Every structure is written in structure tokens, then in C-alpha cells.
Amino acid sequence: MKKWLLVTAASLLLAACGKDESAEQAKETAAAADTAEEQTTEEKVEKTEKEAEKENSKEETSKVELSQEEMDQLRIPTVSIDSPYYEKDLTEQELVENYMDETGRIYFSLTEEPIRTIVSSTSSSKISNITNYSDVFINPESQQAYQLQNQAERDQIYKLILANQPTQLKGTDPSEYRSWEQATNLERGMMQMLYLVGPTMNDIKTAMDRDLYDHPAFVVGQEELEKLGAPLVFVPAPQTPLDYELFENMKMVQAMWGQVGKFENPAENKAEFEKVYAQARQETNNLFARINYALTEDGFGE
């Protein structure tokens, strides 16, 4: 699987190359304008042929066909699970008495049917809340979970989060942050999702920079963001006061991913699509700092 750090570095290099290329093209255009009247008909024909070859090359790149295995590698990795729904409804009191640990956390693994229906009563009616008590994003309709598969991946994204310190926390020692084990379900879920969505966001950006809106990486990237941005995808439930703020931030960014994925005919509306993508990318990056800040707070008080 592609790693966030490596793909991000590549993306930055591509952006830098793009700037150099644009500056060089500007110089060539200016020089060509100064000598346009001196060009021979033969030179103009040769220039036109080269431009046509460049355009044809771009079209061929856009129309590249990939194997099913290659297409699958472009998708955001997920884990197949059995139905995540717990059949029995629970009251808030039952949930707390039977499942809350000594730190105040309620957590169910993917094998423990983590999506629970919690029923609370009012004077006039009963209210049911369907809540994800795991530490991963879950799509119950497709029975897929967005979960990192090994400790190395978890260590990598945790270190990347700690490296992205907001201004007021610059220089904070790593020992002052809660560990992965001490993080809330929501914090862990958001960290995993940032690791998983990063390559897809960068694939789309690379295709945009090269004007390859028909490339499979762009098409698949949109499909994946549309699925991830669907309201049916359950984010881990907030369980601390700080969690509730993070949860609102996460739901906003999740909706933005969906907007990028659902955007119709981006090749014909490039300027507008670029705005939608840029906003989603910026808010995605902002989550790094928000989680960084949250991990310096007490959390569950562990």
C-alpha cells in the first residue's frame, strides 16, 4: 500500500516541478512572441506538429487501461466485516453499567458488533441513536471498515500527527502527548482515516496538475471519496468534551470528501472543481493540527 509520507513528498516534488515548468513555458512564450515575425512557414508547421504530438500523448495517458489488480490498488484499503449491528437495543444506563471501562471509555472491536442502538426516554417519547463504538470508520451497507492493518502503519501516522504541531504547541515534547493506546476511539479513527485517504487525495491532485481528468487514478479517486463521504459511513462516536468538537470537524471534512467525489464533469468545470478540491485538502490538513492539540489534553484521564 502507498504510504502517506512518501506520496506527500512526491506530491510536493511534482508541485515544485510544475512551477518550474510553468516559468520555463512563460519564458519560451515571451521569446517566441519577440521572434514570431521572423519564423518561417516551415518552423511554424514544425511547432504545430510538436504541440499536436503533446496533446496526443496526453490523450493516450488519459486513456491508459489498467488491470483489475492495478485498479484495486488505487482504492482506499478497507477490511471486510460481518454485520456490525448489535441486534438488541440498549438503554444509556445499560451501556454504561455493562460496557464502560474504568477510564470512561466504551469500546467494541469490529468482531463485537460495534454499532449499537441506544434508546433514551423522554416524557413523551423514546429516542433511538445508532452509534459507532469502535475506533474505525464503518460502512455498514457494504460491510467495510477503514482500519489500518499493522502497528507500523499506526506508528507512522501517530508520529506524523505529532510532527504537525499548531503554532501554540511548537516545541512540545512527545512525552506530553497521550499515546495511541490512550487516544479516544474518535482520535484513533481520524488518524487511521488520514493515513488511508492521503494517497487518494494526492492521486487526484497529480491528475489535476497534469490535466488528466480521464485517468483511472482520477476516476477511481472520485469514486472512493464519494463512498467515504456518504452519510451512511459511521464515524466513531465522541465520548469526551473535546471529542465533540473533533467530531464536528470530522463530519465537515467527510462531507467535503463527498463533494469532491460527487462533482460532475470536473474536466469541463476545472476552476470550480479546483476550488472544491483545494478546500477539502486544506481542511483535511487542518485535522492534523486539531488532533495534535487534542492529544495534549487529558482525554479519558488515563
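## Where α8 meets α9

In this predicted model, the contact between helices α8 and α9 draws on residues from both partners. From α8 come Leu-242, Leu-246, Asn-249, Met-250, Met-252, Val-253, Met-256, Trp-257, Gln-259 and Val-260. On the α9 side they meet Phe-273, Val-276, Tyr-277, Gln-279, Ala-280, Glu-283, Thr-284, Leu-287, Arg-290, Ile-291, Tyr-293 and Ala-294. Sorted by class, this contact holds 16 nonpolar, four polar and two charged residues.

Now for the geometry. Helix α8 spans residues 241-262 and helix α9 spans residues 270-294; their axes come within 9 Å and cross at roughly 155°. Angles over 145 degrees count as roughly antiparallel, so α8 is roughly antiparallel to α9. The two helices make a left-handed crossing.

## The α6 and α7 pair

A little earlier in the chain, take a look at helix α6 (residues 185-209) and helix α7 (residues 216-228), whose axes come within 9 Å and cross at roughly 140°. That angle makes α6 and α7 oblique to each other. Here, α6 passes α7 in a left-handed crossing.

The α6 residues in this contact are Met-193, Val-197, Thr-200, Met-201, Asp-203, Ile-204, Ala-207 and Met-208. Facing them in α7 are Ala-217, Phe-218, Gly-221, Gln-222, Glu-224, Leu-225 and Leu-228. Ten of the residues in the contact of α6 with α7 are nonpolar, three are polar and two are charged.

## Two loop residues to check

Most residues other than glycine have a negative phi. Which residue in the loop between α8 and α9 is worth a look? That residue is Asn-265, with a positive phi near 50°. Its relative accessible area is 46%, so Asn-265 is partly exposed.

Gln-143 also has a positive phi, of about 55°, although it is not a glycine. You will find Gln-143 in the loop between β5 (137-139) and β6 (144-146). With 30% relative accessibility, Gln-143 counts as partly exposed.

## The chain as a whole

Stepping back, the protein chain contains nine helices and six strands. Of its 302 residues, 40% are buried. The accessible surface comes to about 17,000 Å², and 49% of that surface belongs to carbon and sulfur atoms.

How are the contacts spread along the sequence? Among contacts between residues at least 6 apart in sequence, 75% join residues at least 24 apart.

Note on methods
Residues are numbered from 1 along each chain as its sequence is written. This is a predicted model: local features need pLDDT of at least 70, side-chain atom pairs count only at pLDDT 80 or more; totals for chains, interfaces and linings use all residues. Side-chain values use heavy atoms; hydrogens and water are left out. Axes are lines fitted to C-alpha atoms, for helices over the stretch in contact, and angles run from 0 to 180 degrees between N-to-C directions. Helices (H or I, at least four residues) and strands (E, at least two) are DSSP runs, numbered from the N terminus. Angles under 35 degrees count as roughly parallel, over 145 as roughly antiparallel, 65 to 115 as roughly perpendicular and the rest as oblique. A crossing is left-handed if the near helix is turned anticlockwise from the far one by less than a right angle, and right-handed if clockwise. Contact means heavy atoms within 4.5 Å. Ala, Val, Leu, Ile, Met, Phe, Trp, Tyr, Cys and Pro count as nonpolar, Asp, Glu, Lys and Arg as charged, and the others, Gly among them, as polar. Buried means under 20% relative accessible area, exposed over 50%, partly exposed in between (1.4 Å probe, protein chains only). Accessible areas come from the Shrake-Rupley method with a 1.4 Å probe; for residues, only the protein chains shown count as cover.
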